[in-house]
Amino acid sequence: MVEELLTAAIAVGVGVAVYVGAAARVVKQYERGLVFRFGRLREEIRPPGFAMVVPVIDRLHKVNMQIVTLPVPAQEGITRDNVTVRVDAVVYFKVVDPANAIVAVEDYRFAVSQMAQTSLRSIIGKSDLDDLLSNREMLNQGLELMIDSPAVGWGVQIDRVEIKDVSLPETMKRSMARQAEADRERRARVINADAELQASHKLAEAAEVMSEQPAALQLRLLQTVVAVAAEKNSTLVLPFPVELLRFLERAAPSPPATAAPEEPAPAGPASEGPGPTEVADAPAPAALDTPEPDLMLDAPPPEPEPGGPRD
């Protein structure tokens, strides 16, 4: 009798142990448990810790509540300004409603991935190349809203979306490099011209001061000589300003004007007339003031020739 009771007790203990082993479940801290009994979802969500289910009847499904990092494959598209680019991104999301994440969608990870790819291609087509390169914060926010709108019904919350890389064609990279180089050269020329303008104003002020004090120009010349001689050159080039020459020319007294001596004409023989020099220098005879008589009126008529016809 005792042996039968002992055997029954052992059998009951083994059965309880097998039952507990089959019904016992452990839900981790970052998980939540959903119990399906005969295929129907129980309203009670099992918290982290030890949980019991009915063997064969219940099925426990664990849902991860951690933030999931989902890389989005690179998508190739044409921007609004007709530039072909390849853009890849990464999506950070988490499950906030375990029941909808399991019941409302078949595979919420795959659904979020496909939605992220289509939204990324849509963002590429609506944006310019400059926005993809420099204004990524606004694009990230727009991409997050596009993915989060359908994901709310799946029990998934989009935490963050980031565009990782934008791949450009090699020809576009070279064009952008030339554009950046030209822009830097333009800025360098503008800065150089501005410096020349400021230097010209300062030089004009210095020239005005030196014009009031001519000795300052000589002192500046001596300073230049000292600066050149400090290089230990074998040949010293001494600049001589033209302004100093003009100053010395103005300071020098002008010589008095003297009449040029006249050279005497060579004397010729007594029998000969005046020489060519005297003839050239002789004054011309003055014209007579009395008018000449009209010779044609006072001349007698011509006599007829002998043997000619008579009147």
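This short talk walks through one predicted structure, from a helix to the cores, a surface patch and the salt bridges.

Before we start, please keep in mind that the model is predicted, so that local features need pLDDT of at least 70 and side-chain atom pairs count only at pLDDT 80 or more, while totals for chains, interfaces and linings use all residues. Residues are numbered from 1 along each chain as its sequence is written, and side-chain values use heavy atoms, with hydrogens and water left out.

Let me begin with helix 3, residues 108–126, where helices (H or I, at least four residues) and strands (E, at least two) are DSSP runs, numbered from the N terminus. The expected span of a helix is 1.5 Å times one less than its number of residues, so the 19 residues of helix 3 should span 27 Å, and its end C-alpha atoms are indeed 27 Å apart.

Which residues of helix 3 are buried? Among them are Tyr108, Ala111, Val112, Leu120 and Ile124, buried meaning under 20% relative accessible area, exposed over 50% and partly exposed in between, with a 1.4 Å probe and protein chains only. The buried residues of this helix pack against strand 5 (58–64), strand 6, strand 7, helix 2 (98–103), helix 5 and strand 8. Glutamine 114, also in helix 3, is partly exposed at a relative accessible area of 34%, and its C-alpha lies 9.6 Å from that of isoleucine 147, although the two are 33 residues apart in sequence.

Now to the interior. A nonpolar core is a set of buried Ala, Val, Leu, Ile, Met, Phe, Trp, Tyr and Cys residues joined through side-chain atoms within 4.5 Å. The largest such core has 35 residues, of which Val85, Val87, Val91, Phe93, Val112 and Ile158 touch the most other members. Helix 3 gives the largest share of this core, 7 residues. Looking at valine 85 itself, and leaving aside its neighbours within four places in sequence, we find contacts (heavy atoms within 4.5 Å) with residues including Gln75, Ile124, Leu132 and Val166. Apart from the largest core lies another, of 5 residues, among them Val27, Ala51, Val53 and Leu60.

On the surface, Val12, Val16, Tyr19, Val20, Val26, Phe50 and Met52 make a nonpolar patch of about 650 Å². Patches are made of residues with over 30% relative accessible area and no salt bridge, like charges being joined within 9 Å and nonpolar side chains (Val, Leu, Ile, Met, Phe, Trp, Tyr) within 5 Å, and accessible areas come from the Shrake-Rupley method with a 1.4 Å probe, only the protein chains shown counting as cover for residues. Helix 1 (2–23) supplies the largest share of the patch, 4 residues, whereas valine 26 sits in strand 1, residues 24–27.

Finally, the salt bridges, each a side-chain nitrogen of Lys or Arg within 4 Å of a carboxyl oxygen of Asp or Glu, come to a count of 8. In one of them, aspartate 58 meets arginine 37 at 2.6 Å, N to O. Because aspartate 58 lies in strand 5 and arginine 37 in strand 2, the pair ties together parts that are 21 residues apart in sequence. Are these two partners buried or exposed? Aspartate 58 is buried, at 3%, while arginine 37 is partly exposed, at 29%.

In helix 6, arginine 186 and aspartate 183 lie 3 residues apart, about one turn of the helix, and their side chains meet in a salt bridge of 2.8 Å, N to O. Salt bridges that share partners join Asp183, Arg186 and Arg187 into one network.
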